[in-house]
Amino acid sequence: MGKKIFILTIRFRALNNTIIPPFSAKVSKLIMHKLSLLYKDVMKRNSPFKPVAITPLMYNGRALIKIYNDKNNLTLRVGEEYSFRTTIIAEESIEPSYLFSFEQQRVDGIFKTSILLDSIMLDIKDFANLTLGRPNILKMNFVSPVLLQLPSYGRFKNGRHLLFPLPSIIIRSLLDHWNANCGPDNVIRRSIYLQIYSNYALVEADFNIKPVTVYYDGVRKPRGFIGWVVYEVRARRKKNAYNNLMRLLDYARYVGIGKSRATGFGQIELIPLSV
């Protein structure tokens with residue numbers, strides 16, 4: 001038995017209007033805390049690459065987040081449908097009841113309201129089968145703010161945050177997360193080479209990137225970026241490197257990129273195109 005990637009997509013409605021935190025992934029996390037024993041246990045672990053990722057609440061195709069200097073509160077409204085996605089990496093043999101309370105329809109105590117679950121969808125992916133195939137073009141949409149950080153170097157122990165999706169830093173963040181959670185049979189080696197290779201294999205063709213500062217709580221206001229980038233895919237002759245690159249980019253669809261993916265940052269949509 002190996003590890004699998006469990007992707008849960010939850011849709012729900014609130015029973016009354018209620019103001020929610022300025023970074024709505026806190027609502028997503030609270031719902032999962034009440035409905036998944038596995039999620040509760042995973043979030044207690046003190047590890048740098050937790051086997052979990054979560055999105056902010058989604059409404060009409062966009063993430064509900066409050067940008068710095070925005071004076072409006074985020075509010076759940078009666079009759080409107082919201083959704084979010086949670087990814088958890090766990091052993092294949094996990095009991096369904098430990099993964100999620102699939103029979104529960106109502107959840108109370110969600111920031112002064114209760115919610116009714118409209119639907120729960122479960123998708124399961126195998127590390128060994130992840131790939132994007134052979135696309136010519138990739139469009140990466142940044143659903144929630146991305147926090148990319150250069151590795152520590154010398155006296156720069158905290159690294160440096162980037163406000164542009166540099167492929168090598170994206171791939172580094174994916175490699176670290178993949179190798180920490182995939183199990184021994186799927187570890188990707190020669191990681192430094194793959195990071196360098198990605199800068200030549202993924203060439204920016206177009207982009208619309210916006211730096212943003214978001215309210216997370218009363219103290220922390222992380223700064224990252226949102227928007228999208230289109231990459232032209234080149235350098236396919238290095239077959240092993242190319243295949244590993246496509247595996248990692250497919251993985252990014254479920255776990256996101258960069259820092260703080262377990263709290264709702266760095267979630268993406270990836271659209272492969274052939275022209």
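Seven salt bridges are found in a search of the whole structure, which is a predicted model. One of them joins the side chains of Glu81 and Arg11, with N and O 4.0 Å apart. This pair ties together distant parts of the chain, since Glu81 belongs to strand 7 (residues 81-91) and Arg11 to strand 1 (residues 3-14), 70 residues apart. Beyond these pairings, the model has a largest nonpolar core of 43 residues and another core, apart from it, of 31 residues.

**Salt bridges**

- Side chains of opposite charge can pair when their charged atoms come close.
- In the pair of Glu81 and Arg11, Glu81 is partly exposed, with a relative accessible area of 30%, and Arg11 is partly exposed at 32%.
- Arg13 forms a salt bridge with Asp118, and their closest N and O atoms lie 2.8 Å apart.
- This second pair also links distant parts of the chain: Arg13 is in strand 1 and Asp118 is in strand 9 (residues 115-126), 105 residues apart.
- Arg13 counts as partly exposed because its relative accessibility is 32%, and Asp118 is likewise partly exposed, with a relative accessible area of 36%.
- A further salt bridge brings together the side chains of Glu232 and Arg234, at 3.2 Å from N to O.
- Glu232 has 31% relative accessibility and so counts as partly exposed, while Arg234, at 41%, counts as partly exposed.

**The surroundings of Arg11**

- Which residues does Arg11 touch, not counting residues up to four places away in sequence? They are Glu81, Tyr82, Ser83, Leu116, Leu117, Asp118 and Ser119.
- The C-alpha atoms of Arg11 and Arg85 are separated by 9.0 Å, although the two residues stand 74 residues apart along the chain.

**The largest nonpolar core and helix 6**

- Within the core of 43 residues, Met140, Leu174 and Leu249 have the most contacts.
- At least two residues of this core come from each of strand 1, strand 10 (137-146), helix 4 (167-181), helix 5, strand 13 (202-213), strand 14 (223-233), helix 6 and strand 15 (268-273).
- Helix 6 gives the most to this core, supplying ten residues.
- Leu249 is in contact with Leu132, Leu138, Met140, Ile171, Leu174, Leu202 and Leu270, when residues up to four places away in sequence are not counted.
- The other core, of 31 residues, lies apart from this one and has Leu38, Tyr39, Val52 and Leu57 among its members.
- Of the 17 residues of helix 6, 13 are buried, so the helix is largely enclosed by the rest of the structure.
- Helix 6 (residues 239-255) should span 24 Å, because each of its 17 residues counts for 1.5 Å and the expected span uses one less than that number. The C-alpha atoms at the ends of helix 6 are 24 Å apart, which agrees.
- Gly256, just after helix 6, takes a positive phi of about 80°.

**Helix 1: a buried serine**

- Ser28 is found in helix 1 (residues 25-35).
- Is Ser28 buried or exposed? Ser28 counts as buried because its relative accessibility is 0%.
- Leaving aside neighbours within four places in sequence, Ser28 is in contact with Ile54, Thr55, Pro56, Leu57 and Phe84.

**Helix 5: a nonpolar surface patch**

- Ile192, Ile196 and Tyr200 form a nonpolar patch on the surface, and together they have about 360 Å² of accessible area.
- Tyr200 lies in helix 5 (residues 191-201), and this residue counts as exposed because its relative accessibility is 61%.
- An α-helix has 3.6 residues a turn, so residues three or four places apart point the same way.

**Positive phi angles in loops**

- Most residues other than glycine have a negative phi.
- Asn60, a residue other than glycine, has a positive phi near 55°. Asn60 is in the loop between strand 4 (58-59) and strand 5 (62-63).
- At 68% relative accessibility, which is over 50%, Asn60 counts as exposed.
- Phe111 also has a positive phi, near 50°, and its place is in the loop between strand 8 (106-107) and strand 9.
- Phe111 has a relative accessible area of 30% and is therefore partly exposed.

How values were computed
Residues are numbered from 1 along each chain as its sequence is written. Side-chain values use heavy atoms; hydrogens and water are left out. Patches are made of residues with over 30% relative accessible area and no salt bridge: like charges are joined within 9 Å, nonpolar side chains (Val, Leu, Ile, Met, Phe, Trp, Tyr) within 5 Å. Accessible areas come from the Shrake-Rupley method with a 1.4 Å probe; for residues, only the protein chains shown count as cover. Helices (H or I, at least four residues) and strands (E, at least two) are DSSP runs, numbered from the N terminus. Buried means under 20% relative accessible area, exposed over 50%, partly exposed in between (1.4 Å probe, protein chains only). Contact means heavy atoms within 4.5 Å. A nonpolar core is a set of buried Ala, Val, Leu, Ile, Met, Phe, Trp, Tyr and Cys residues joined through side-chain atoms within 4.5 Å.
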